[in-house]
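Biologist: I would like to learn how to read a model of this kind, one feature at a time. Could you give me the general idea in each case, and then show me where to look?

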Amino acid sequence: MAMAYAVKDDHAHDDHSHDPTGWRRYVYSTNHKDIGTMYLWFAIMAGVLGGFLSVLMRMELQQPGIQIFHGLAQMVYSLPDPATVTDPAKKLAYEQGLLDNGMQMYNVFVTAHGLIMIFFMVMPAMIGGFGNWFVPLMIGAPDMAFPRMNNISFWLLIPAFLLLMLSMFAEGPSGMYGVGGGWTIYPPLSSTAGTPGPAMDFAILSIHLAGASSILGAINFITTIFNMRAPGMTLHKMPLFVWSVLVTVFLLLLSLPVLAGAITMLLTDRNFGTSFFVPSKGGDPLLFQHLFWFFGHPEVYILILPGFGIISQVISTFSKKPVFGYLGMAYAMVAIGVVGFVVWAHHMYTVGLDADTQAYFVAATMIIAVPTGVKIFSWIATMWGGSIDFRAPMYWAIGFIFLFTVGGVTGVVLANAGVDRTLHHTYYVVAHFHYVLSLGAVFAIFAGWYYWFPKITGYMYSERIAKLHFWVTFIGVNIVFFPQHFLGLAGMPRRYADYPAAYEGWNRVSSYGSYISAVGVLIFLYGMVSAYLKKVKAPDNPWGVGATTLEWTLSSPPPFHQFSTLPVIK
Amino acid sequence: MAALPSKNLRVALIAAGVFVGMIGLSYAAVPFYKAFCKATGFGGTTQRAEKAPDKATDQFIMVRFDANTSSGLPWEFHPRQNVMKVKIGEQNMAYYDARNIGSNTNTGTAVFNVSPASAGAFFDKIQCFCFTKQTLKAGQAEELPVSFFVDPALLDDADARNIKEITLSYTFYPATDPAVQSKSVANSN
Ligand code: HEM
Ligand SMILES: [Cu+2]
């Protein structure tokens, strides 16, 4: 797993002979590139685990009835096996108990899958991974502003993740395990009324730690981008990826505290007798939803904005043109960020808001489609007339534009309060957010991965494997999620382990798609391993004249310490 | 460049200040939200009034009565009338019956709202058993009155004027939940 840098063979930069080695290099690391690398490894690990959970969910949903989760629950939680019981009454009770535990376990998987993919896969990959690696390089800075804080940000993620894992095995509802309330953890299901056991408290603390990690990261990025740009690198000359990270970390700084506040209230309601969300004592569970989505909507943009940045770099590089409408692109992200704070109740159309309030949120939500459209059209305009080089990163970027647009369109459908009345909490919503996340955000991450892999590792990967990975994933995820639109329109609700037989057809198709996507993940891992084994040396700039940002002026991989004399940007 | 560390520290401190401020705001949202619900009747929060308006209108509206009891309270709790046809603006009296079927004395508080939610701003209570806690000895039965009126302003409200029926709902909870008894003193009203 060694990520070799050119430390040893690049003597021009090797005047720091005390560069750390071995485990110390990583555990004590204050180097933005090493920390970025650890974030990327962590994200891959979490993504594989989160994906594994989702494939098990799809196996369950392949047919109506409970297929695997009662067995899984029995195995994992070592519940008594009804087959060994002879007393018929007892046997029935055991079977029912297994079924209940199985269905709870399915919901625990839904919850863990969502939390893992959001907090431990997409965010660490985009912000912690690519952000750490390339923000300092792109603005010509020697490192992040607070290298030690950077180290803490990363290491906070580990206990956060462990707490989430722990919650899956701790008691949740009485006699059952884990948190089954979904990543949105609405009370009263998440209060002592619904989940009295400690599983919920572990999950809350996990989110606290992950949030603390993100906040420290956000402060670090803001300081770095404001203060450490090389001479001449004005804000309006910054690469769009840096802009995207800047907007993202501002969203984090403003929205995460509200989530922290909400879950702290939940925690004190649960453990210290406060009554923020307890109706019997004058609280209101709806308040939690308002607070959650005041965070939650900006959060979904936090997940996609750095992806926008990556796509801009990739499209411009392989079209060999500067991005069309640079300033418009930068300020479109700012606009998305700002408007994103005043649309939260589009997640809450069914809670009983009055008609005027709904009308406002419909209008505000639709306005977001404008800057988003600006971005999509600018990417297309960038490609227009360019001499496009169809390398692997470009495949992923074009795939991103296509899939993200599909998700954007269903988003505008859902923005209509009247339509959403029937579609809320159905698979239509699941299809929507997976088109923008597991197809949009993930494709952006892979675009970035194949774009920067040679820079990060110093090795070239096999273009053939990268493209195969693209096609298998593209086909797989579309088969998973496109039919979910039909299921949603037909009224199938989300977050249930079982469904009426009428929904079987498209569910089966969707499940097959998830197996294809899983093969895609294996191809990805294979391609990575083979790149490490083959060790085909990457040039400093493998992409040619289109790659104009500063990281391509450095060696591949870059020296342990770069820019000891600051570059001057003209 | 010598000033960089202090410049960095300044930006970081400002950012940390924003973070703390936002946490503060999320807590400030709690009283704000309560005041907002009270003022606007949001979510079916009912109003409290001293007395009914001087003259009633000649328009009628149906008021339905609903009663629920938390599983933690061994009480029977029912409305005496399921529905009343009332004049908008006129003061009315409705009764609920509660009986303690447990073997201990218990105290309960009733939580209430009306639906549709947009009627909340126009449903005014003058007297209600829900304003105070109720204590019942084992086996004791009690008549619980509520006097209310529907505000004539309802007829001028774009959202609410088409409402033909308002449901007033109560849920009785134990006032001293044994699990949180020792901790809930601060919230006991
Ligand atoms: C191809 C891989 C994936 C498959 C097969 C998959 C499948 C699923 C399934 C079956 C659910 C549960 C829906 C329900 O029961 O209501 C779900 C929920 C969810 N997924 Fe995925 N997913 C995948 C990738 C992703 C990725 C990459 C992300 C994040 C970027 C993601 C984010 C979410 C979220 C946020 C939820 C909602 C959780 C909740 O509301 O409780 N998924 N996914
Ligand atoms: Cu949203």
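Modeller: We will go through confidence, the metal site, charged pairs, backbone geometry and the surface, one after another.

Biologist: What are the ipTM and pTM scores of the model, and what is the mean pLDDT of chain B?

Modeller: Keep in mind that this is a predicted model, and that it scores ipTM 0.82 and pTM 0.85. For chain B the mean pLDDT is 83, with 90% of the residues reaching 70 or more. Within chain B, confidence is lowest in strand β1 (residues 47-48), where the mean is 82, and highest in strand β2 (residues 60-69), at 93. Over residues 178-189 of chain B, however, the pLDDT is below 50, and this stretch has 10 contacts in the model beyond near neighbours in sequence. Where pLDDT is low, the predicted coordinates should not be read in detail.

Biologist: Which protein atoms are the donors of the copper ion (ligand 2)?

Modeller: To read a metal site, one lists the donor atoms and then asks where they sit along the chain. For the copper ion (ligand 2), the protein donors are ND1 of A:H297, NE2 of A:H346 and NE2 of A:H347, which lie 2.0 to 2.1 Å from the ion. Along the chain these donors follow the spacing H-x48-H-H. Distant parts of the chain are linked in this way, since A:H297 belongs to helix α8 (residues 285-319) of chain A, while A:H346 lies in the loop between α9 (326-339) and α10 (355-383), 49 residues apart. Both A:H297 and A:H346 are buried.

Biologist: How many salt bridges are there over all chains, and where can I look at one?

Modeller: Side chains of opposite charge can pair when their charged atoms come close. The count comes to 9 salt bridges over all chains, and one of them joins the side chains of A:D201 and A:R270, with 2.9 Å from N to O. This pair links distant parts of the chain, as A:D201 is in helix α6 and A:R270 in helix α7 (residues 240-271) of chain A, 69 residues apart. A:D201 counts as buried because its relative accessibility is 13%, and A:R270 also counts as buried, at 8%.

Biologist: Which residues does A:E463 join into one network through shared salt bridges?

Modeller: One follows the shared partner from pair to pair. A:E463 meets A:R391 in a salt bridge of 3.7 Å, N to O. Because A:E463 lies in helix α14 (residues 463-489) and A:R391 in the loop between α10 and α11 (392-415) of chain A, the pair ties together parts that are 72 residues apart in sequence. A:E463 also forms a salt bridge with A:K467, with the closest N and O atoms 3.4 Å apart. These two residues are separated by about one helical turn, because they are 4 residues apart in helix α14 of chain A. Through the shared partners, A:R391, A:E463 and A:K467 are joined into one network. A:E463 is partly exposed at 21% relative accessible area, and A:R391 counts as partly exposed at 25%.

Biologist: Where in chain A should I look for a cis peptide bond?

Modeller: For this feature one reads the omega angle. A cis peptide bond joins A:P187 and A:P188, with omega about 10 degrees, and A:P188 is found in the loop between α5 (147-169) and α6 (198-227) of chain A. The bond from A:S556 to A:P557 is also cis, with omega near -10 degrees, and A:P557 is in the segment after β2 (536-537) of chain A. Turning to phi, A:K320 has a positive value near 55 degrees although it is a residue other than glycine, and A:K320 lies in the loop between α8 and α9 of chain A.

Biologist: Which residues make the nonpolar surface patch?

Modeller: The patch, of about 430 Å², is made by A:W23, A:V27, A:Y28 and A:W155. A:Y28 is found in the loop between α1 (22-27) and α2 (32-61) of chain A, and A:Y28 counts as exposed because its relative accessible area is 52%.

Methods: Residues numbered from 1 in each chain as written. Chains lettered and ligands numbered in written order. Predicted model: local features only at pLDDT ≥ 70, side-chain atom pairs only at ≥ 80, totals over all residues. Heavy atoms only, no water. pLDDT = per-residue confidence, 0-100. Contact = heavy atoms within 4.5 Å. Donors = N, O, S within 2.8 Å, 3.2 Å for Na, K, Ca; no water. Buried < 20%, exposed > 50% of the residue type's maximum accessible area, 1.4 Å probe, protein only. Patch = residues over 30% accessible without salt bridge, like charges linked within 9 Å, V, L, I, M, F, W, Y side chains within 5 Å. Areas by Shrake-Rupley, 256 points an atom, 1.4 Å probe, with all protein chains shown as cover. Salt bridge = Lys/Arg side-chain N within 4 Å of Asp/Glu carboxyl O.
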